[in-house]
Protein chains: 2
Amino acid sequence: MDVSGRTYPQLALDLQLCFPLYAATRAVTKRYVTLLKGTGLTYPQYLVMLVLWESEEPRSVTSLGHRLRLDSGTLTPLLKRLETAGLVRRDRDPGDERRVLVSLTGDGRALEEQVSGVPQQLGTSMGITRDEALALRDQLTDLVDHLDTAESS
Amino acid sequence: MDVSGRTYPQLALDLQLCFPLYAATRAVTKRYVTLLKGTGLTYPQYLVMLVLWESEEPRSVTSLGHRLRLDSGTLTPLLKRLETAGLVRRDRDPGDERRVLVSLTGDGRALEEQVSGVPQQLGTSMGITRDEALALRDQLTDLVDHLDTAESS
DNA sequence: CACAACTATATTGTGCACAACTCAATAGCG
DNA sequence: CGCTATTGAGTTGTGCACAATATAGTTGTG
């Protein structure tokens with residue numbers, strides 16, 4: 001890698017780490033488009049569905065946001081699209097009318113079986129073993145934790 | 001981690017790897033907003049500037065796109081904003097009128113010095129050593145390469 | 001009870017990403 | 001030379017992300 005001519009060689013590092021991270025996310029998202037074709041889900045919608053499938057109970061918008069680190073500005077329109085698609089219902093919590101509870105419809109629940117092969121297919125596409133995936137997960141999780149604490153300083 | 005109750009436990013893995021990757025990219029992007037405040041650059045704009053700073057010659061839109069894996073639909077409006085900000089110029093290549101050559105202005109070149117501390121600050125925020133960063137970079141690069149070849153199949 | 005502080009969601013505006021498409025310019029070929 | 005195929009950039013439309021703001025509902029306090 002040629003960095004010899006740069007006035008500020010340290011800037012090359014940003015292209016070397018931050019760019020691959022950025023590119024990897026877009027590559028994964030792109031792969032999901034193919035894998036999720038037929039379900040009509042986008043990648044962020046799939047992540048929301050994963051959280052709902054893992055929950056026994058309906059979840060509020062804020063609760064989904066905490067799990068996925070997304071705010072209402074992103075989730076509200078996304079959830080409306082899932083509602084239009086007939087995969088979720090959105091009902092005001094009778095006990096606290098500020099809250100909107102998101103619950104799965106029959107179709108939404110049924111979709112889980114249809115995508116059950118996706119993680120396996122993606123694992124193959126990424127060309128890494130389960131152990132490598134778990135190690136990578138840990139590094140990325142650490143990174144997010146560090147950035148979260150750094151942001152508040 | 002409780003996955004015992006799931007009908008399809010393999011779906012938990014997508015939340016365990018793909019979600020951290022997705023969250024890490026957004027956390028890094030968010031950190032850059034703070035670090036780049038004052039320059040007026042967004043994270044994708046900063047990446048474009050990094051490529052221009054590392055180039056001796058003006059680059060075409062396609063050439064920038066290959067380096068950053070972005071298409072003209074993303075780059076054209078982004079480059080127009082950089083042009084409006086006075087950081088780059090966009091001129092048709094006299095030798096091939098289809099091509100638009102992107103070159104740095106004096107202001108654009110001067111900005112390099114102003115952001116030269118950013119990689120160091122980000123490294124601190126991420127809480128990883130240079131060696132860890134390079135190892136992570138290699139894993140992510142491998143991942144992108146695998147996904148690229150998988151996509152075409 | 002009145003009312004200020006707080007909470008949960010929704011809305012608005014900006015900026016990516018990317019697929020699909022258009023259009024102008026160029027290259028290649030008979 | 002004339003015609004077709006290709007290439008490079010731009011446009012359009014959809015769907016995130018997220019900051020900033022608005023609004024309705026709730027809670028705590030005097």
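Me: How do the residues of the surface near DNA strand C divide into nonpolar, polar and charged?

Reply: First the sorting rule: Ala, Val, Leu, Ile, Met, Phe, Trp, Tyr, Cys and Pro count as nonpolar, Asp, Glu, Lys and Arg as charged, and the others, Gly among them, as polar. A residue is near a strand if one of its heavy atoms lies within 4 Å of it. Here the surface near DNA strand C has six nonpolar, nine polar and 13 charged residues. This is a predicted model, in which local features need pLDDT of at least 70 and side-chain atom pairs count only at pLDDT 80 or more, while totals for chains, interfaces and linings use all residues. Residues are numbered from 1 along each chain as its sequence is written, chains are lettered from A and ligands numbered from 1 in the order in which they are written, and side-chain values use heavy atoms, with hydrogens and water left out.

Me: How many residues surround DNA strand C, and which are the closest?

Reply: DNA strand C is surrounded by 28 residues, the closest being A:Tyr22, A:Thr62, A:Lys80, B:Gln45 and B:Arg81. Of the strand's atoms within 4 Å of the protein, 81% belong to sugar or phosphate and the rest to bases.

Me: Which atom of DNA strand C lies 2.7 Å from a polar side-chain atom of B:Arg81?

Reply: Read this as a polar contact, a pair of N or O atoms within 3.5 Å; within protein, one must be able to donate a hydrogen and the other to accept it, and residues adjacent in sequence count only if both atoms are side-chain atoms. For B:Arg81 the partner is a phosphate oxygen. The side chain of B:Thr42 also has an N or O atom 2.7 Å from a phosphate oxygen of DNA strand C. A:Ser72 has a polar side-chain atom 2.9 Å from a base nitrogen of the strand.

Me: What do chain B and chain A bury between them?

Reply: Buried area is the accessible area (1.4 Å probe) that two parts lose on being put together, summed over both. Chain B and chain A bury about 6200 Å², with 67% of it on carbon and sulfur atoms. Helix 1 of chain B gives the largest share of the side that touches chain A, 21 residues; helices are DSSP runs (H or I, at least four residues), numbered from the N terminus. That side of chain B holds 38 nonpolar, 11 polar and 13 charged residues.

Me: How many residues does the contact take from each chain?

Reply: Contact means heavy atoms within 4.5 Å. By that rule, 62 residues come from chain B and 62 from chain A.

Me: How many salt bridges and polar contacts link the chains?

Reply: A salt bridge is a side-chain nitrogen of Lys or Arg within 4 Å of a carboxyl oxygen of Asp or Glu. Between chain B and chain A there are zero salt bridges, but 13 residue pairs are in polar contact, both at pLDDT 80 or more.

Me: Which domains does chain A have?

Reply: Domain bounds come from an automatic or database domain assignment. For chain A it gives domain 1 (11-114) and domain 2 (117-153). Their C-alpha centres lie 18 Å apart. The two domains bury about 740 Å² between them, 66% of it on carbon and sulfur atoms. A:Arg31, A:Leu35 and A:Arg69 supply 53% of the area that domain 1 buries against domain 2, more than any other three residues.

Me: Which residue forms a salt bridge with A:Asp148?

Reply: A:Arg69 does, with the closest N and O atoms 2.4 Å apart. The interface of domain 1 and domain 2 of chain A has one salt bridge.

Methods:
Helix = DSSP H or I, 4+ residues; strand = E, 2+ residues; numbered from the N terminus.
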